[in-house]
Amino acid sequence: MTPEQAGFDPVTLWTVIAGLAVGSFALRFVFIGLVGDRPMPDWLLRHLRYTAVAILPALVTPLVVWPKATGGALDLPRLLAALVTVGVGLATKNVLAAIFAGAATLYGLLYLL
Amino acid sequence: MAFSTTNSYYWKGFRDGAPFMLVAGPFGMLFGVLATEAGLKLTETLVLTATVFAGAAQLTALQLMQENAPTFIVLASALAVNLRLAMYSASLTPFLGGAPMWQRAFAAYLTVDQSYACSIVRFETEPDLTIPQRMGYFLGTVTPVATAWYSFTLIGALLGARIPESWALDFALPIAFLAMVTPMLRTSAHVVAALVSITVALLAAGLPYNLGLMVAGLAGMIAGARMELVLRKKGLWT
């Protein structure tokens, strides 16, 4: 790999770092620190329950279907690696097993194809 | 006496949290490597990882910055990934809400997937624990995880650019996230949320400013919550 000269504009980067740091703390602190023992509305908790399973797939899907490494063309090793990761994750409920299975599929197919 | 039982709950937590070093270590290393490859300096990577202390959000921000998304979108999307931490905070509040403010602030910072998952199980199965015992346990669970996270981020950042392109690290993030998400698909409401999110992410991929992520995430959350209500009405929610 050629050494990256560019990186990010420092102002942008530090804005992101500061915003993320403050925002993440606020999200963690809002209930335990501010709400204390008061009850919270059901509808809010009901939506928060699905954040991880909604946001992370939304982030990953375009990366799987249109990978940047292939210039956005559908890529068989990457697609199958993603499917194997999901399959093993569902079958074993084990994060590490899923990661290793997905990585093995990706490397195996990249080597073979 | 009170101190010694608090202490013993710290070590119980430590033992329960220790296996998660196997997840936090590689994940931290991945972040360190990708951050360095994206052009972040060592201090920038370490400050980010120490202040934000949430791997998925950090990787999301990194990914979107590399796609040149506007700063507002980077922040909104990464914080959306962290909305689940607000849910953890809400869920821990009945158990830790009576602790002194400085301890609650400290616990807030240390709320991550692993410390939450261990603690909520322990607190629910042992309802008679005192608040100091709960705090001790919580702190115990996160100690090995945080140690692994910080030190492996550093190692990854130092290795950084030395990792060759043939390792296809571009795909490490999708694999890591998919592996994290699939064990969370416990109910059909979770499955519906994920499927709606995937579908909308594909349909909305053309939206400007990477807004597709936010739209798909919100659609998935609403779909999951709706499905939960349907299941509750039918008496199928457990």
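Here are legends for a handful of close-up views of a predicted model.

**View 1. Chain A comes in two domains.** Take a look at chain A on its own. Domain 1 covers residues 9-49, and domain 2 picks up with residues 52-113. If you go from the C-alpha centre of domain 1 of chain A to that of domain 2 of chain A, you cover 30 Å.

**View 2. Chain B is split into two domains as well.** In chain B, domain 1 runs over residues 2-167 and domain 2 over residues 185-238. Their centres, taken over C-alpha atoms, sit 25 Å apart. Where the two touch, domain 1 of chain B puts in eight residues and domain 2 of chain B puts in six. Zoom in on the domain 1 side of chain B: helix α5 (residues 71-81) of chain B gives the largest share there, with four residues. What kinds of residues does this side of domain 1 of chain B use? Six are nonpolar, one is polar and one is charged.

**View 3. Chain A meets chain B.** Now bring both chains into the picture. On the chain A side, 68 residues are in contact, and on the chain B side, 78. Five helices of chain A each give two or more residues to this side: α1 (10-35), α2 (42-48), α3 (51-65), α4 (76-92) and α5 (95-112). Which of them gives the largest share? That's α1(A), with 19 residues. Sort the touching residues of chain A by class and you get 46 nonpolar, 14 polar and eight charged.

**View 4. Helix α1(A) pairs up with helix α6(B).** Here's one helix pair from across the two chains. The axis of α1(A) and that of α6(B), which spans residues 83-96 of chain B, come within 8 Å and cross at roughly 25 degrees. Angles under 35 degrees count as roughly parallel, so α1(A) is roughly parallel to α6(B). As for handedness, the crossing of these two helices is right-handed.

**View 5. The residues where α1(A) touches α6(B).** Same helix pair, but now check out the individual residues. From α1(A), the contact uses A:Ser24, A:Leu27, A:Arg28, A:Phe29, A:Val30, A:Phe31, A:Ile32 and A:Val35. From α6(B) come B:Leu83, B:Leu85, B:Ala86, B:Ser89, B:Ala90, B:Leu92, B:Thr93 and B:Leu96. Put both helices together and the contact has 12 nonpolar, three polar and one charged residues.

Conventions: Residues numbered from 1 in each chain as written. Chains lettered and ligands numbered in written order. Predicted model: local features only at pLDDT ≥ 70, side-chain atom pairs only at ≥ 80, totals over all residues. Domains from an automatic or database assignment. Contact = placed C-beta atoms within 7 Å. Nonpolar A, V, L, I, M, F, W, Y, C, P; charged D, E, K, R; others polar. Axes fitted to C-alpha atoms, helices over the stretch in contact; angles between N-to-C directions. Parallel < 35°, antiparallel > 145°, perpendicular 65-115°, else oblique. Left-handed = near helix turned anticlockwise from the far one by under 90°.
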